[in-house]
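Let's take a walk through this model together, starting from one side chain and working outward. Keep the viewer open as you read.

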Amino acid sequence: MGTNKVYIDDSKWERIKRSLKAAERAFVRVGFFGEAADGKVDDSDFTMLELAAVHEFGSEDGTIPERSFIRASLQQAYDDGEMQKVCASLYKRIAEGELNTDQALKILGEWAVTIIKKFVTEGPYIEPELKPGTIAAKGSDRPLVDTGAMINAVQYEITGAEE
């Protein structure tokens, strides 16, 4: 009587382990980077990064209140469970070999930038409301939306991806 031999190809399992390990070390940063961050706002000495920081955290002297658009938008996506769904889906696609870590992080970065832009342009309404003088000067009562330059400068960058 002959013996049956079973060969197990674990190369797929090894690839999955490498991909998931790489995903653990990599992350996406969302905000203002490089030339977009260093660019001047209109004809001032104020950079886009400085403008974004003032809106995100408020001015030191308190004349401009905090109107978080980065933290608040991503926190809302987290609280709604949307962020967890996106991350779980991407992690699964990495494990299944459909995406590598770099591809998944690019999708996550694009998603985060879209969430931030949508939060600013569509809502919910960012508090506190603008002062009447500000509304008159800019012709709108929507905070953080004027020329669109700041919100269009939001970017993502990937750190630590090896694939």
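Leaving aside its neighbours within four places in sequence, which residues is F69 in contact with? This is a predicted model, and in it F69 is in contact with F32, A52, H55, E56, I116, F119, V120, I126, L144, M150, I151 and V154, once neighbours within four places in sequence are set aside.

That list is a good way into the core. F69 is one of the residues with the most contacts inside the largest nonpolar core, along with F32, M48, W111, I116, M150 and V154. The core has 34 residues. Two or more residues apiece come from helix 1, helix 3, helix 4 (70-79), helix 5, helix 6 and helix 8, and helix 6 gives the most, with ten residues. As a general backdrop, nonpolar side chains in soluble globular proteins tend to be buried together.

Now pick up helix 3. Its buried residues are M48, L51, A52, V54, H55 and E56, and they pack against helix 2 (34-38), helix 4 and helix 8. Just after helix 3 comes G58, which takes a positive phi of about 85 degrees.

H55 deserves a closer look. This residue of helix 3 counts as buried because its relative accessibility is 17%, with the cut-off for buried set at under 20%. Beyond its neighbours within four places in sequence, H55 is in contact with I64, P65, E66, R67, S68, F69, L144 and M150.

One of those partners, P65, is found in the loop between helix 3 and helix 4. Is P65 buried, partly exposed or exposed? Its relative accessibility is 29%, so P65 counts as partly exposed. With neighbours within four places in sequence left out, P65 is in contact with V54, H55, G58 and P128. For a sense of scale, follow the chain from P65 to D79: the two are 14 residues apart in sequence and 24 Å apart in space, C-alpha to C-alpha.

Next, the pockets. Rolling a probe the size of a water molecule over the atoms shows where empty space is left. The largest pocket has a volume of about 630 Å³. Its lining is made of 26 residues, and H55 turns up again here: L51, H55, K138, L144 and D146 lie nearest the centre. Helix 3 (48-57), helix 7 (132-138) and helix 8 (149-152) each give two or more residues to this lining, and helix 3 provides the largest share, four residues. By type, the lining of the largest pocket splits into 14 nonpolar, five polar and seven charged residues.

What is the volume of the second largest pocket? It comes to about 170 Å³. A23, A26, F27, C87, L90, Y91, I94, T101, A104, L105 and L108 line this pocket, with helix 5 (82-95) and helix 6 (101-122) each supplying at least two of the lining residues. The chemistry here is ten nonpolar, one polar and no charged.

Finish with a helix pair. The axes of helix 1 (residues 11-25) and helix 5 come within 8 Å and cross at roughly 145 degrees. R15, I16, S19, L20, A23 and E24 of helix 1 make the contact with Y91, I94 and A95 of helix 5. Those contact residues divide into six nonpolar, one polar and two charged. A23, Y91 and I94 also belong to the lining of the second largest pocket.

How values were computed:
Residues are numbered from 1 along each chain as its sequence is written. This is a predicted model: local features need pLDDT of at least 70, side-chain atom pairs count only at pLDDT 80 or more; totals for chains, interfaces and linings use all residues. Side-chain values use heavy atoms; hydrogens and water are left out. On a 1 Å grid over the protein atoms alone, a cavity is a set of points where a 1.4 Å probe fits but cannot get out, and a pocket is an open set with protein on both sides within 12 Å along at least five of seven lines; lining residues have an atom within 4 Å of a point. Grid points are joined across faces, edges and corners, and a volume is the space filled by probe spheres set on the points. Ala, Val, Leu, Ile, Met, Phe, Trp, Tyr, Cys and Pro count as nonpolar, Asp, Glu, Lys and Arg as charged, and the others, Gly among them, as polar. Axes are lines fitted to C-alpha atoms, for helices over the stretch in contact, and angles run from 0 to 180 degrees between N-to-C directions. Contact means heavy atoms within 4.5 Å. A nonpolar core is a set of buried Ala, Val, Leu, Ile, Met, Phe, Trp, Tyr and Cys residues joined through side-chain atoms within 4.5 Å. Buried means under 20% relative accessible area, exposed over 50%, partly exposed in between (1.4 Å probe, protein chains only).
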